[in-house]
Amino acid sequence: MKVLVTGASGNGGQAVCRELIRQGLSVRMADVMPPPSEDLAGVEFIRYDARSPGDARRAAEGVDAVVHLAAWHCAHQPPVSDETIFAVNVDGTFHMLEACRQEGIKAIVYASSMAYGWWSVYGVSKVIGEDLCKAYHEMTGASIAMLRYHEFIPRPYLEYGERLLRNGVDRRDVAAATAASVKAALEKRFGLFRTIVHTDHGMPSDVVQNFGKLGPDWCESRVPGARRLIEKYKLNLPAQVEQHDLSEAERTLGWKPKYGFPEFLRDLKERDERGLDVERLWVPSEMPSL
């Protein structure tokens, strides 16, 4: 099976490509430029501008499934214009779905966002994108998964850990959820499916609701020494943890997140015991291997 990944050179795209390859699938990467990572240098690559119908058709030719990640987001640095966001995110999604229809591709994963909504052009682009997915499902019968990813923008290490308790998700969970969606779509386990892609810390509901008071003790019970680490590194903990019900994703896709705040604390503990400087450590999208 061959899978096209658009936006393959981006932060999420590279992780998704690696995960698909790890699972034994053939990958065609599509983006405006090849990914910089050496481990992906030998993977098939095609130059692709999401705004070009011809590029979309060439990229989709002969593949069995498509992961459409190509998009601009409102937090991009340097910023891009709303006109560019709309053209790439809306026109680009239309062109890719049209290419899938013309090529007879019936397994599609669309990168939506928890920013879905009417508060910005980016949020509106995801509303329209999901509506286009619904329309193409009705027109073609394709199995289409719409994944509302939480944030996995590269951040400093300590900030990454704090954000896992709010709106952050580890890129490895993003990649695993996406790959699981590809497999489920190819197996026609759903028609039109939507889920949130976030983290799960395994916390009891009372801790989730009152993390400011109960959280440090709960963390200590999971990771001995957690209290000291939280105080030493002045981690900014929320009063309440953002948590979603991901049970439908587990039932339908066989996926559940693996990397939550306890995993971050275990990683931080080992680095602290080794005397490593984490203050300036940058996390591209996941916890670097120890």
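These legends accompany close-up views of a predicted model.

**View 1. Helix α1 and the elements around it.**
Helix α1 covers residues 11-22, 12 residues in total. From first C-alpha to last, α1 reaches 17 Å. That is close to the 16 Å expected at 1.5 Å a residue. Its buried residues are G12, G13, Q14, A15, V16, C17, E19 and L20. These buried residues pack against three strands, β1 (2-6), β2 (26-31) and β4 (65-68). They also pack against helix α6 (171-186). G24 follows α1 and has a positive phi, near 90 degrees.

**View 2. The largest pocket.**
The volume of the largest pocket is about 1,300 Å³. Its lining has 45 residues, and L69, A71, W72, H73 and H76 are the closest to the centre. Four elements give two or more residues to this lining: α1, α3 (82-103), β5 (107-113) and α4 (121-140). Helix α1 supplies the largest share, 5 residues. By class, the lining of the largest pocket splits into 24 nonpolar, 15 polar and 6 charged residues.

**View 3. The second largest pocket.**
The second largest pocket has a volume of about 410 Å³. It is lined by 20 residues, with E19, R22, Q23, R172 and A176 closest to its centre. Two or more lining residues come from each of α1 and α6. Helix α6 gives the most, 7 residues. The lining of the second largest pocket has 11 charged, 7 nonpolar and 2 polar residues. Helix α1 thus appears in this view as well as in View 2: α1 gives residues to the largest pocket and to the second largest pocket. E19 is also among the buried residues of α1.

**View 4. The largest cavity.**
The structure contains 4 cavities of 30 Å³ or more. The largest of these cavities has a volume of about 100 Å³. Its lining has 11 residues. E151, F152, I153, Y160 and V169 are the closest to its centre. The lining of the largest cavity is made up of 6 nonpolar, 2 polar and 3 charged residues.

**View 5. Two residues of helix α2.**
A56 belongs to helix α2 (residues 53-60). P53 is in helix α2 too. Which of the two is buried, and which is partly exposed? A56 has a relative accessible area of 0%, so A56 is buried. P53 has 49% relative accessible area, so P53 is partly exposed. The cut-off for exposed is over 50%. Beyond its neighbours within four places in sequence, A56 is in contact with Y48, H95, M96 and A99. Two C-alpha distances complete the view. P53 and D91 lie 38 residues apart in sequence and 9.0 Å apart in space. A56 and F190 are separated by 134 residues in sequence and 25 Å in space.

**View 6. Cysteines C100 and C133.**
How many disulfides does the model hold? The count is 0. C100 is in no disulfide, and the nearest cysteine sulfur, that of C133, is 9.5 Å away. For C133, the nearest cysteine sulfur is that of C100, again 9.5 Å away, and C133 is in no disulfide. A disulfide calls for sulfur atoms within 2.5 Å, so this pair does not qualify. C100 is buried because its relative accessible area is 2%. C133 has 0% relative accessibility, so C133 is buried too.

**View 7. Helix α8 and its cover.**
Helix α8 runs over residues 211-222 and has 12 residues. Its end C-alpha atoms are only 14 Å apart. A straight helix would reach 16 Å at 1.5 Å a residue, and α8 falls short of that span. Which residues of α8 are buried? They are F211, G215, P216, W218 and C219. The cover over these buried residues includes α7 (205-209), α9 (226-232) and α11 (261-273). View 1 offers a reference: helix α1 has 12 residues and reaches 17 Å.

Key. Residues are numbered from 1 along each chain as its sequence is written. This is a predicted model: local features need pLDDT of at least 70, side-chain atom pairs count only at pLDDT 80 or more; totals for chains, interfaces and linings use all residues. Side-chain values use heavy atoms; hydrogens and water are left out. The expected span of a helix is 1.5 Å times one less than its number of residues. Buried means under 20% relative accessible area, exposed over 50%, partly exposed in between (1.4 Å probe, protein chains only). Contact means heavy atoms within 4.5 Å. On a 1 Å grid over the protein atoms alone, a cavity is a set of points where a 1.4 Å probe fits but cannot get out, and a pocket is an open set with protein on both sides within 12 Å along at least five of seven lines; lining residues have an atom within 4 Å of a point. Grid points are joined across faces, edges and corners, and a volume is the space filled by probe spheres set on the points. Ala, Val, Leu, Ile, Met, Phe, Trp, Tyr, Cys and Pro count as nonpolar, Asp, Glu, Lys and Arg as charged, and the others, Gly among them, as polar.
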